[in-house]
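Hello,

Here is the structure I promised to pass on to you. Have a look at it first, and then read my notes below.

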Amino acid sequence: MPSIEALAMAGVDCGKCSIDLAERERRDMEKTPLYLIADENPGKETQRNEKDNKVVVEKWGVKIKMEAWAKAVASSVNNVTSNINAKGKNM
C-alpha cells in the first residue's frame, strides 16, 4: 500500500479510499525501531546527556586554547624568521 504522504501529494481523499488512519498509525508504530521512539521517562538518559554535554564543552574549550597557543607559537616563529632574514640582508 502506498504511503499516506504519497497519496496526499497525489491529492487523494483518505475518506474516499477508506484509509483507516488509526490502523496505519498502529502499523507504523510496529515498524518504527525502538531507538526512534521517544522515551516516556528519560531520567537517567538526561543526566548522562548533561555529562556528555559538559565533556563536549570542556573539549571545545581545550581546542580553543590549543588553537590560540598554536597561533602564538606560529607568530613568534614568524617574528624570529623575519629577524633572521633581516639580519642576513644587512650582512
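**What I found**

Read from start to end, the protein follows the pattern α-α-α. That fits the count of elements, which is 3 helices and 0 strands. Please keep in mind that this is a predicted model.

How confident is the prediction? The mean pLDDT of the protein is 76, and 82% of its residues reach 70 or more. Among the helices, helix 1 has the highest confidence, with a mean of 80, while helix 2 has the lowest, at 76. A general word of caution: where pLDDT is low, the predicted coordinates should not be read in detail.

Next, the surface. The protein has 91 residues, and buried ones make up 3% of them. Its accessible surface is about 8500 Å², and carbon and sulfur atoms account for 59% of that area.

Two residues are worth finding in the viewer, and both of them sit in loops.

Let me begin with isoleucine 19. You will find it in the loop that joins helix 1 (residues 4–9) to helix 2 (residues 21–31). Is isoleucine 19 buried or exposed? Its relative accessible area is 14%, so isoleucine 19 counts as buried, the cut-off being under 20%. Leaving aside residues up to four places away in sequence, isoleucine 19 touches Leu7, Cys14 and Arg24. You could also look at isoleucine 4, which lies 15 residues away along the chain from isoleucine 19; the C-alpha atoms of the two are 8.8 Å apart.

Now for leucine 34, whose place is in the loop between helix 2 and helix 3 (residues 44–90). Leucine 34 counts as exposed because its relative accessibility is 73%, and the cut-off for exposed is over 50%. Which residues form a nonpolar patch on the surface with leucine 34? They are Met29 and Ile37, and together with Leu34 they have about 320 Å² of accessible area.

I hope you enjoy exploring it.

Best wishes

Notes: Residues are numbered from 1 along each chain as its sequence is written. This is a predicted model: local features need pLDDT of at least 70, side-chain atom pairs count only at pLDDT 80 or more; totals for chains, interfaces and linings use all residues. Side-chain values use heavy atoms; hydrogens and water are left out. Helices (H or I, at least four residues) and strands (E, at least two) are DSSP runs, numbered from the N terminus. Buried means under 20% relative accessible area, exposed over 50%, partly exposed in between (1.4 Å probe, protein chains only). Contact means heavy atoms within 4.5 Å. Accessible areas come from the Shrake-Rupley method with a 1.4 Å probe; for residues, only the protein chains shown count as cover. Patches are made of residues with over 30% relative accessible area and no salt bridge: like charges are joined within 9 Å, nonpolar side chains (Val, Leu, Ile, Met, Phe, Trp, Tyr) within 5 Å. A salt bridge is a side-chain nitrogen of Lys or Arg within 4 Å of a carboxyl oxygen of Asp or Glu. pLDDT is the predictor's confidence in each residue, from 0 to 100.
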